[in-house]
Amino acid sequence: MNYYLRRFLRVIVTIWAVATFTFALIRLLPGGPLVQLRAQLIRSGASPERVETLIQSYTKIQPDAPIYVQYFDYITSLVQGDLGESISTGRSVGEVVGGALPWTLWIAIATTILVFALAIVWGAIMAYFEGSNFDLASSSASILAASMPFYVLAMLLIIIVGYEFGWFPTRFRIDPNLEAPVFSVAFVGSALYHSVLPIASMVLTGAGLQVLAMRGNSISVLGKDFVTVARLRGLSDRRISITYVARNAILPMYTSMLLSVGWYLGGTVIVEEIFTYRGIGYYMYEGLESRDYPLMMGIFLILTSTLVIGVFVADLTYGLVDPRIQTGDQSESF
Amino acid sequence: MSDDGTPVLSLEDVEVHFEDKPGLLEFGDETEVVRAVDGVSIDVMENDVVTLVGESGCGKTTLGKTAIGLQRPTGGSVKYRGHDIWDIRDGNSDADITWRDVRTSLQIIHQDPGSSLNPNRRIQTILAEPLKQVRPDLGRTEKRERILSLLERVGMNPAPDFADRYPHQLSGGEQQRVALSRALLMNPDVILADEAISAVDVSLRVEMMDLMLELQAEFDTSFIFISHDLSNARYFTAHADGQIGVMYLGELAEIGPAEEIVNSPKHPYTNVLRWATPDLSLQQTGEIPMRKIDVPDPVDPPSGCRFHTRCPEAREACQTEHPPTYSDDRHHVACFRENEDHDYWESPKLTD
């Protein structure tokens, strides 16, 4: 079967499996969401019939229908993009996610790009000055950064940069008092300003490992004979470092970069909560606290799908980036 | 190019010492000096072949790299057409040769062909690079034609097919041919072939050596051929009427024409190498002509003649005095046994 088709089917199957898993979770967990929800609604003083209708609309569960009908309905509405009704916000999950996703994507993508830009430049410089004091200091700093959880750094940044110095805002996506139209200069400026600390906390901790990876890759490429030959031809150092060393050193990092987007998306759950940054991570946490299962399931599905699609893109494009890999069975990049 | 008797490349009393500084966590602050190459003088003429043989760690690769200007000698000089290349590089030379000329004139073929080609470039692009540098006047199609004809010349047919491949799609021998072509396209005067055929399949080695010899005449270049296999060294050197230099612990023990080195070695160490090469030893491998197998530490080489700890002929004189080089036409040996009047003959034999 065609390789691309097979990969694509695998993506579909993975997402379907996750959807099925969430479906099962919402029904099978002992003392799970349904009981919780029912108790919650009854406590709020709704009549039993009203409770049943509410539960149905929230969770898309018709308790009297057979399980396969319920499953079919659930999947059908998923395919149509209907993720159900959020209990805590009273809006549809799709609406909540739609409003929050761009903010989270911005955080995750900006983090990934910055991490790798920093790693590639810094790691390459370290490799060139291998063994120098600069290299030693940078390696130590990288290890320190890599071993610090991003939420700890986030706290430190809030305390020091946010409160002590007051340089950057410590919460919200934009200034709540700002009354500027979306995509105006003031709006974008405020958005960027507010995202500095969340992004910084993930970049500074995430870059550590990647810097070391780039350093290692570059050192190994620098030791290759073709670099010696290029040098022997009298090519400039600059030319050698860019066209010969950098390209070959960056290649192996390509996959981990695409996978990182998923990883940083997951990381936003905590970061956004810390910074009260209303992205999907923040809503996931809110959903967890208020036992808003439909919201949690919806966001869970979105996060998983993003990761799966990231891997898929990495797989499809790796052959283009690295000519040694030909699309085929051995080209799976994870 | 005229053959006026000046060597293309001449090494004079070359010395390469590596300092091994102690690491941050190692105690003591003594700097260890590894004497990789010590007092070696070799001349490489036009269309010459100089082969360096010796066991691992004897400094033959370091010497080769020093010869083509990849490694700066800590003592002595490396002269290209009579001018010190490091003076040229530092701008202290009044020669009309630039560092760029030196760089293009001295090329290399590595042992591992897989590592010597950039994995992300097609053969065409790899070979176009040196052409771009040496002949910037050539157009695209002309370049392509030259590359294709060279690929055909080195036996890679059909050439257009090979030109569009990536290095990983070639066999080791084919990769080595590309590396050879790349070196030749620079139009060099000297190519260092550092164990260039060791990674090639045994059955293809002779073919590869023949190819190198044929191309040597066509491209008017010299080879410094490094090998640990005396029989390959003999084949390659004898066909080009070159010299084999035998290295031991950073020093040149003996250098001379191939057949003389192989058939009538004057240095006891050369005899050991000959014994260790099955194709050459006439009798069944007999008693090893050496007292010890272990190579001494190059950080602290033995006094006097460096081979005296292992030499079967060693006498007490060898422990104290460093043997000078005795020359006989083209054959040079660093061993007291060449001098019939030396104290060596009077001193008692060393026994362990």
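B:Asp13 is a good place to begin in this predicted model. This residue counts as exposed because only 12 or fewer other C-beta atoms within 10 Å are allowed for that label, and B:Asp13 has 12. Along the chain, B:Asp13 belongs to strand β1 of chain B, which covers residues 9–20. Its backbone deserves a look too: phi is near 50°, a positive value in a residue that is not glycine.

Let's move on to B:Asn187, where phi is again positive, at about 60°, and the residue is again not a glycine. You will find B:Asn187 in the loop of chain B that runs between α8 (172–185) and β7 (190–194). Is B:Asn187 buried or partly exposed? It counts as partly exposed, because 17 C-beta neighbours lie inside 10 Å, and a residue needs 20 or more to be called buried.

Another backbone detail sits in a loop of chain B, the one between α6 (140–153) and α7 (159–163), where B:Pro158 is found. The peptide bond leading from B:Asn157 to B:Pro158 is cis, and its omega is near -5°.

Now turn to where the two chains meet. On one side are 19 residues of chain B, in contact with 13 residues of chain A. Which elements of chain B give two or more residues to the side that touches chain A? They are α3 (99–105), β6 (106–109), α4 (113–116) and α5 (123–134). Of these, α3(B) gives the most, with three residues. Sorted by class, this side of chain B holds nine polar, seven nonpolar and three charged residues.

Terms used
Residues are numbered from 1 along each chain as its sequence is written. Chains are lettered from A and ligands numbered from 1 in the order in which they are written. This is a predicted model: local features need pLDDT of at least 70, side-chain atom pairs count only at pLDDT 80 or more; totals for chains, interfaces and linings use all residues. Helices (H or I, at least four residues) and strands (E, at least two) are DSSP runs, numbered from the N terminus. Two residues are in contact if their C-beta atoms, placed from the backbone, lie within 7 Å. Ala, Val, Leu, Ile, Met, Phe, Trp, Tyr, Cys and Pro count as nonpolar, Asp, Glu, Lys and Arg as charged, and the others, Gly among them, as polar.
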